[in-house]
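This report reads a protein model for a student who is new to structural description. Please keep the sequence and the structure in view while reading.

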Amino acid sequence: MSLKTRLMLMIFGLPLLLLTLLVGVALVLEDRQRYAALHDQLTRDAQLIAPALDTALASGDDRALSRLTDGLLALPHVQALSLQNDRGEPLLLHGRPGDLSAPRDLAASRLLERDRQWLLQVPLSDTTSSATRLVLHVDTTPLLLSFYRYLASAGLVLMLAGLLLFLAAYVTLRRVSQPLEDTGRALDRLALGVVPERLAIPPSPELAGLARCVNDLADRLEMAREEMQAQIEQATDDLKESMETIEVQNIELDLAHRRALEANRVKSEFLANMSHEIRTPLNGIVGFCRLLGRSRMEPRQREWLDHVQRACDNLLMLVNDVLDFSKLEAGRVELETLPLDMVSLVDEVLGLQAPLAHQKGLQLLGLVYDDVPADLKGDPLRTRQVITNLVNNALKFTDQGDVTVRVMLEQAEGSRVILRVSVSDTGIGLTDEARQRLFRAFHQADISHPREFGGTGLGLAICRQLVEQMGGEIDAESEPGNGSTFSFTLPLLGSTETERVPELSLDGESIVLEEPHPPTRRALRHLMTRWGARVITQSTAGTAPPASLVVAGLGNGDLDEAHLTAWRNRLDGLGCPALLLVNASPPDLPALPLPHGGEVLAKPVSRSALADAVVRHLTGSPRTLPPATQRRQAASPVRLLIVDDTESNRLLLGELLAGPDLTIIQAASGEEALALAHERDFDLVLMDIRMPGMDGVETTRALRRLDGSWKRVPIIAVTAHVQGEQHRDLREAGLDDVLIKPLQPHRLNQLLEEHLGVVLAPRSTTSEPLAQGEVQEEKDQELAVVDLELGARLAGGRETLARELLEKLADSLEDSERAIRDAVDHADEEALLDALHALNGACRYCGTPRLGLLAETLETRLRSRGMTAVLPLLSDLYAAMAELRAWQANQPSSTTKATVRASSSDSDR
C-alpha cells in the first residue's frame with residue numbers, strides 16, 4: 001500500500017468512519033428513547049384515567065365518560081380507544097381501531113406491537129371483580145418519519161464533515177507527497193546518471209533533511225561526472241593516438257594482404273598458364289610418340305621410344321597434379337552429378353594401373369561388395385581420380401604381395417548412400433609421424449621417397465581436398481613393414497531398394513576353379529556362385545560331375561616351359577574349355593595352346609570381360625548386352641557419323657575407323673548432320689565442338705530432341721581443348737564422352753568397345769618409301785616446315801592420305817590467314833578463336849611441325865590469356881603459312897594431287 005493511500009486512510013477514512021459510527025449510535029439511541037417515552041406516557045395517562053372511566057361507566061355518567069375518552073384520544077399518536085368486557089365485546093368505541101385484538105389478561109397493563117401498530121390495554125380497576133378494560137389503539141408511524149428526518153439530517157452533517165476531512169487530507173497529502181515525489185524523480189534522474197535540478201527545502205524538518213541529502217548527492221554526482229569527463233577526454237585523446245597508429249598498421253597490413261593475395265593469384269595464374277603451356281607441347285610429344293610407335297622400328301629404337309613415352313606420361317601426370325592443386329586451392333573445382341557404376345569404375349582404374357603391377361609382379365584385386373547399389377549418381381571423374389591416385393601410391397610403395405581395392409556400403413538413408421572405399425597393400429608401411437604428414441601438400445612420408453619413388457607430394461593432398469569437397473573423409477591406417485590401408489567415405493545419390501543384378505546366370509554349370517592367390521580365389525568363387533555356377537575345387541574334384549569350364553590362375557612361377565607343359569597336359573585331361581588368368585601384360589601372355597578351346601586373359605580381369613569370356617566359351621555365343629545400350633547384332637554393320645567442318649579431320653577419322661563392319665558417313669556441318677539424322681539412324685556420332693553455324697553443342701541438343709533412338713545414341717565430343725569444367729558442360733549438353741586430339745588409338749578402341757561392343761582389328765602401317773628429296777629439312781630452323789614422313793605416321797601410315805591432307809591444308813591457308821587478319825582488325829576474339837581452332841585442327845594430322853606448333857600455341861594462349869598474348873606470335877604464324885605455301889608451289893603437280901578413297905560410298909559426304 002502506498003504512502004498516499006495510507007495517509008488518506010488516516011486523515012480522511014478513519015475519522016469519517018468513526019464519525020459515522022457515532023452518529024448512527026446516537027440516532028438509534030434517540031429513536032429507542034422516543035419509543036420508550038411514548039410507551040411510558042400512554043401507560044401512565046391510561047392508568048390515571050382508568051379509575052375515572054370505571055366510575056363514570058358504573059354510574060352511567062355519559063358526559064363524564066365522553067369527556068374522559070376525548071382526553072385519551074387527544075394523547076399523542078392515539079388513533080382509537082374502546083372499552084371491552086371480559087368476553088372482548090366492545091362497550092364503548094371511539095376513533096378508528098386497528099387490526100390488533102385485545103388480550104384477555106386483565107391483571108396488568110400489556111402492550112402489543114405489530115408493524116407500526118400498538119395495542120395498549122389497561123384494566124379499569126385493580127380488583128379482579130371488574131372485568132372491564134381500556135384498549136388504546138396507537139399508530140407510531142410519525143415516530144418513524146421523525147427518525148428518517150433525523151437520519152437525513154445526520155447524513156448531511158456526515159457529508160459536510162467528509163468533505164471537510166477530504167480537503168484537509170488533500171492539503172496534507174500535497175504538503176507531504178509533493179516533496180517526496182520531487183525527491184523520487186531526482187533520485188530516478190540520479191540513477192540514470194543525470195544531474196537533476198536542486199530540490200526546494202520544504203518547511204517540514206524531516207523532509208528538509210531528505211531534500212538536503214538529495215541535493216548533496218546530486219552535487220557529488222556532478223563532481224564525479226566532471227572528473228569522469230576529464231578522464232574520458234584524456235583517454236579519448238590517448239585512444240585517438242592509438243587508433244591512428246592502428247589505422248596506419250591496418251593500412252600497411254591491408255596492403256601486405258593485398259600484395260599476398262595478388263602474389264598468390266599471380267602464382268596460381270602462373271602455375272595454370274605454365275601447366276597449360278607445358279601440357280600443350282607435351283600432348284603433341286605424347287601423340288607423336290604414340291603415332292611413332294605404330295611404325296616399324298628396331299628393338300632398340302622402340303625401347304628408347306618407350307622410355308620417352310613413360311617420361312612424358314610422368315611429366316603429364318605431374319602437370320595435371322599441379323593444375324588440379326591450383327584449382328582446388330582457388331576453389332574452382334565444381335563437382336558433377338552423373339550416373340556412376342562402382343564396378344566398372346574400379347575395373348577401369350585397375351586396368352589402367354595393371355602394367356605397373358605386372359612389372360613388379362603384384363596381384364591387383366578389386367572387390368565391390370554385393371550390397372553396393374548399381375544405380376548411383378556422383379562425380380565419376382573425381383572418384384576415379386582419387387582411387388587411381390591411391391592405387392598408384394600402393395603399387396609404388398609395394399614390392400611384393402598384392403594391392404586390394406574394396407568398395408562396401410557403410411550407410412544408407414533414403415535417397416543417399418555412403419560408400420567406404422579402401423585400398424590395402426602389403427608394402428613398406430608408415431610410421432605414426434609419417435602418417436600425420438601424409439595429406440599435406442608437397443609432403444611425403446619420408447624425405448628419401450621423392451628420390452627413390454618419385455612424385456611431388458601433391459597426390460594425397462589433392463585426394464583429401466576432393467574427398468572433403470564430395471562430403472567424405474579420408475584416413476590411413478598403417479604399421480611399418482605391414483602395409484597400409486587408405487580408406488575414404490563417399491556420399492552418393494542412390495537407393496538400396498533394388499539389388500545389383502548378376503551379370504549372367506549359369507544355371508548350375510560346373511566350373512573348375514584353381515587360383516594360387518587366396519584373395520583372388522575367394523573373390524572368383526563368390527562371383528561364380530553368385531552367377532549360379534557349381535564351383536569345383538581341388539578338394540571336391542574327385543566327386544564332382546564333369547566340368548563345363550576351367551578358370552585357372554597362373555602364378556609368376558608357372559610361365560616357364562616345364563610348368564606350361566604340365567598345364568597343357570592337365571587341360572587336355574579335363575576335356576573342357578579353359579580360361580587362364582595370367583598376371584602379365586597382353587604382350588607378355590604365354591602362347592599356350594588350349595586343347596579344348598578357351599583363351600588367356602590378363603589380370604586383373606574386369607567383371608564384364610570375365611562374364612563375356614565365360615558365356616562365350618560355355619555357349620559359343622557372346623553374352624547378351626544390356627538393352628539400354630541398344631547395340632546392333634553382329635550381322636548388321638555399325639553406322640558411324642563423323643561431324644567436323646575440317647575436311648582433313650574427317651578424312652583421317654574415316655581412315656582410322658575404316659573396317660569391314662563399319663559404315664562411316666561424314667558431315668561437314670551441324671546442319672548437314674541434323675539432315676542426315678532425319679533420314680537414317682546411327683549407332684555412334686563423333687562430334688567436333690567448334691564449327692561455324694551450329695556448333696557441336698547446339699547440334700547435339702538438336703539431335704537429342706529428335707524422336708526415336710537419338711536420345712540414347714552415344715555422341716562423343718572430338719576436340720583439342722577441354723578442361724575439367726568443360727567436361728561437365730559437355731555432359732550437361734547431352735554428349736556422352738570426350739575424345740582429345742590428337743587421337744589415341746587405344747582410347748578410340750576403348751570408346752567403340754564401351755559404347756558399341758566393337759573392337760577394331762589391328763591395322764598394317766606399311767607405307768611406300770618416300771622419294772628422295774620429298775622430306776625437306778630446314779637446317780636454319782628448329783622445326784621443319786614440312787615432314788612428309790611424320791605426316792604419313794599421323795595419317796595411320798597412309799602416305800597418299802598424308803599428301804592429300806597436306807594439299808588441303810596448303811589450299812586453305814589463304815582463307816585461314818584472311819580470317820585471322822579480319823578477326824584481329826575487328827578485335828573479335830571469338831572469330832579469332834574459331835579461325836585458330838580450325839587451323840590447329842587441320843595441322844593436327846599433317847606433317848607441318850612448325851605451323852602446327854604455332855597454331856596450337858596461339859589457340860592455347862588465346863583461351864587462357866586473351867588476345868593480347870596472341871598478337872606477338874602472329875607474325876611468326878604468317879611467316880610459317882607463307883613458307884608452307886612456298887613449299888607447295890615448288891612441288892610437282894603429280895605429287896600434290898593425290899586423292900584418297902573412303903572406306904564406303906557414303907564417305908564422300
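## Confidence in the model

The model is predicted, and the protein has an average pLDDT of 78, with 81% of the residues scoring at least 70. Confidence varies along the protein: it is highest in strand S10 (residues 416-425), at 94, and lowest in helix H24 (residues 893-896), where the mean is 42.

Two further segments deserve caution. Over residues 447-454 the pLDDT stays under 50, and the model has 10 contacts beyond four places in sequence for this segment. Residues 621-635 also stay under a pLDDT of 50, and for them the model has 22 contacts beyond four places in sequence. Where pLDDT is low, the predicted coordinates should not be read in detail.

## Buried strands

Is strand S7 enclosed or open to the surroundings? Of the 6 residues of S7 (residues 363-368), 5 are buried, so the strand is largely enclosed by the rest of the structure. S7 is joined to strand S9 (residues 402-413) by 6 bridges, and the two strands run parallel. Within this pairing, Val368 stands opposite Val407 in S9. In a regular strand the side chains alternate between the two faces of the sheet.

Ser82 offers a view of a single strand residue. Ser82 belongs to strand S1 (residues 78-84). Its relative accessible area is 1%, so Ser82 counts as buried, the limit being under 20%. Which residues does Ser82 touch, apart from those up to four places away in sequence? They are Leu92, Leu93, Arg133, Leu134, Val135 and His137.

## A nonpolar patch on the surface

Leu164 presents the opposite case to a buried residue: Leu164 is exposed, with a relative accessible area of 53%. Leu164 is part of helix H3 (residues 141-191). Together with Leu160, Leu163, Phe166, Leu167, Tyr170 and Val171, Leu164 makes a nonpolar surface patch of about 680 Å².

## Salt bridges

Side chains of opposite charge can pair when their charged atoms come close. The structure holds 19 salt bridges, and the table lists some of them.

| Residue pair | N to O distance |
|---|---|
| Arg34 and Asp31 | 3.4 Å |
| Arg464 and Glu468 | 3.5 Å |
| Arg680 and Glu679 | 3.9 Å |

The surroundings of the partners can be described pair by pair. For the pair Arg680 and Glu679, Arg680 is partly exposed at 25% relative accessible area, while Glu679 is exposed at 56%. Elsewhere, salt bridges that share partners join Glu30, Asp31 and Arg34 into one network.

Where do Arg34 and Asp31 lie? Both are in helix H1 (residues 3-59), 3 residues apart, which is about one turn of the helix. Arg34 counts as buried, at 15% relative accessibility, and Asp31 is buried as well, with a relative accessible area of 17%.

Arg464 and Glu468 are both found in helix H10 (residues 459-469), 4 residues apart, about one turn of the helix. Here Arg464 is partly exposed, with a relative accessible area of 26%, and Glu468 is partly exposed at 46% relative accessibility.

Technical notes
Residues are numbered from 1 along each chain as its sequence is written. This is a predicted model: local features need pLDDT of at least 70, side-chain atom pairs count only at pLDDT 80 or more; totals for chains, interfaces and linings use all residues. Side-chain values use heavy atoms; hydrogens and water are left out. Buried means under 20% relative accessible area, exposed over 50%, partly exposed in between (1.4 Å probe, protein chains only). Contact means heavy atoms within 4.5 Å. Patches are made of residues with over 30% relative accessible area and no salt bridge: like charges are joined within 9 Å, nonpolar side chains (Val, Leu, Ile, Met, Phe, Trp, Tyr) within 5 Å. Accessible areas come from the Shrake-Rupley method with a 1.4 Å probe; for residues, only the protein chains shown count as cover. A salt bridge is a side-chain nitrogen of Lys or Arg within 4 Å of a carboxyl oxygen of Asp or Glu. Two strands pair if DSSP finds at least two bridges between them. pLDDT is the predictor's confidence in each residue, from 0 to 100.
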